[in-house]
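Q: I am new to reading protein structures, and I would like a close look at a single part of this one. Could you pick out one strand, walk me around it, and then show me how the rest of the chain is arranged?

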Amino acid sequence: MAHRLRPVGLDFIGSAPVRLVFAREISAPPEAVFSALAEDVPGWAEWFSAVTLARPTNDGAGREIRLKGGTRFQETILAAKGPEVYAYRVDEGNAPGARALVEEWRLTPAGTGTRVQWTFAADGTPPFRMVLKLARTGLGRAFRDAVTALDRRLAAR
């Protein structure tokens, strides 16, 4: 059952009770990575294996995301400052125990490529927070696999 999450802003990224931060360098330039993140929302399902559906909503101000296993989110874009940062907040979702969630993708030049940093900032019930902390390794692997697949996809263009 879907429920509303607390509406938080970008400042939540620094103050969330659970912050998971992952980073990886890829060969694609920041402009191409930003475009894939912010402008090709449906393309997420092609490179992020956990995503089964991604579509823009509210004339591009939001997103609908569906993940393997049935998790669903309605999101609001908080920042789309190309080619540096793309961030969104979950407004509604069916993840039990989630109270607030913001994800930020920060892109910085790394030689001719990009250092991609993903911050997953969340709050929720104590069991939800514990599950997220236990899921750190799996989320890190999902991130690494996703940005590697994104890099291959961008190189093939």
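A: Happy to! Let us start with a pair of strands: β7, which covers residues 98–110, and β8 run antiparallel and are joined by 12 bridges. Please keep in mind that this is a predicted model. One bridge you can look for links E103 to its partner in β8, F120. The two strands form a hairpin, with two residues between them. In that turn sits G111, whose phi is positive, at about 65 degrees.

Now look at β8 itself, which runs over residues 113–124. Is this strand mostly covered or mostly open? It is mostly covered, since 11 of its 12 residues are buried. Buried here means under 20% relative accessible area. As you follow the strand with your eye, a general point may help: in a regular strand the side chains alternate between the two faces of the sheet.

β7 shares β8 with another partner. Strand β2, residues 18–26, pairs with β8 in the antiparallel sense over nine bridges. Within that pairing, R19 has A121 of β8 as its bridge partner.

Next, let us step over to another turn, the loop between β3 (51–57) and β4 (62–67), where G60 lies. N58 is found in this loop too, and so is D59. Their backbone angles deserve a look. Most residues other than glycine have a negative phi, and most peptide bonds are trans. Against that background, N58 has a phi near 50 degrees, a positive value in a residue other than glycine. D59 is not a glycine either, yet its phi is positive at about 55 degrees.

How open is this loop to the outside? N58 has a relative accessible area of 61%, so it counts as exposed. D59 reaches 86% relative accessibility and is exposed as well. G60, at 46%, is partly exposed. To place the loop relative to β2, take L20: its C-alpha atom and that of G60 are separated by 26 Å, and the two residues are 40 apart along the chain.

One more loop has a backbone feature to find. P83 lies between β5 (72–81) and β6 (85–93), and the peptide bond that joins G82 to P83 is cis, with omega at about -5 degrees.

Finally, let us zoom out. The chain has five helices and eight strands, and from the N terminus on its elements run β-α-β-α-α-β-β-β-β-β-β-α-α. Its radius of gyration is 15 Å, close to the 15 Å that the globule rule gives for 157 residues, so the chain is as compact as a globular protein of that length. Along its principal axes, the C-alpha trace spans about 40 × 30 × 30 Å. Of the 157 residues, 45% count as buried. If you take contacts between residues at least 6 apart in sequence, 55% of them join residues at least 24 apart.

As for the outside, the accessible surface comes to about 7,800 Å², and carbon and sulfur atoms account for 52% of that. The chain carries 22 positive and 17 negative side chains, with the centres of the two sets 7 Å apart.

Terms used:
Residues are numbered from 1 along each chain as its sequence is written. This is a predicted model: local features need pLDDT of at least 70, side-chain atom pairs count only at pLDDT 80 or more; totals for chains, interfaces and linings use all residues. Side-chain values use heavy atoms; hydrogens and water are left out. Helices (H or I, at least four residues) and strands (E, at least two) are DSSP runs, numbered from the N terminus. Buried means under 20% relative accessible area, exposed over 50%, partly exposed in between (1.4 Å probe, protein chains only). Two strands pair if DSSP finds at least two bridges between them. The radius of gyration is taken over C-alpha atoms; the globule rule is 2.2 Å times the number of residues to the power 0.38. Contact means heavy atoms within 4.5 Å. Accessible areas come from the Shrake-Rupley method with a 1.4 Å probe; for residues, only the protein chains shown count as cover. Lys and Arg count as positive and Asp and Glu as negative; His and the chain ends are not counted. The place of a charge is taken as NZ of Lys, CZ of Arg, CG of Asp or CD of Glu.
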